[in-house]
Amino acid sequence: MRGGIECFVILGQIFFFTGLAISIAGHVMFLVAAQRVSRAWFLSCLFMPLVGLLFIIMHFPRAWKPLVVELAGLMAMAAGMRLGEREI
């Protein structure tokens, strides 16, 4: 039975780190979208986290794709954490 639990832990780690990479890619896409609007938006989104939410609200047509990619990565990370928390 121990082998099955270890398989879930390894699968959880794969999901977590793949989700992390996808989430980082989504955030980079988001910063690129902010840079295309203006340098001030880019710097504000980079250094002030709540400004990113304001950017999403004000520039939704530009920001929805990076938002979806980042949320998909976060969901994969959550699934990986859930799979990896099996008791040994």
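This tour moves through a predicted model, one selection at a time.

Begin with the largest nonpolar core. Select F30, L31, A33, A34, W41, C45, V51, F55, I56 and A63, the 10 residues that form it. Helix 1 (2-37), helix 2 (39-47) and helix 3 (49-58) are the elements that each give two or more residues to this core. Helix 1 provides the largest share, with 4 residues. In soluble globular proteins, nonpolar side chains tend to be buried together.

Within that core, centre the view on V51. Beyond its neighbours within four places in sequence, V51 is in contact with W41, S44 and C45.

Next, select the cysteines C7 and C45. C45 is buried, because its relative accessible area of 5% is under the 20% cut-off. C7, by contrast, counts as partly exposed at 48% relative accessibility. The structure holds 0 disulfides.

Then display helix 4, residues 60-84. Its 25 residues should span 36 Å at 1.5 Å a residue, and the end C-alpha atoms are 35 Å apart, so the expected and modelled spans agree. Colour A63, P66, G73, A76, M77, G80 and L83, which are the buried positions in this helix. A63 also belongs to the largest nonpolar core.

Finally, return to helix 1 and select S23, which is found there. Is S23 buried or exposed? S23 is buried, with a relative accessible area of 9%. Show the contacts of S23: residues up to four places away in sequence aside, S23 touches E70, G73, L74 and M77. Of these contacts, G73 and M77 are among the buried residues of helix 4.

Terms used
Residues are numbered from 1 along each chain as its sequence is written. This is a predicted model: local features need pLDDT of at least 70, side-chain atom pairs count only at pLDDT 80 or more; totals for chains, interfaces and linings use all residues. Side-chain values use heavy atoms; hydrogens and water are left out. A nonpolar core is a set of buried Ala, Val, Leu, Ile, Met, Phe, Trp, Tyr and Cys residues joined through side-chain atoms within 4.5 Å. Buried means under 20% relative accessible area, exposed over 50%, partly exposed in between (1.4 Å probe, protein chains only). Contact means heavy atoms within 4.5 Å. The expected span of a helix is 1.5 Å times one less than its number of residues. A disulfide is a pair of cysteine sulfur atoms within 2.5 Å.
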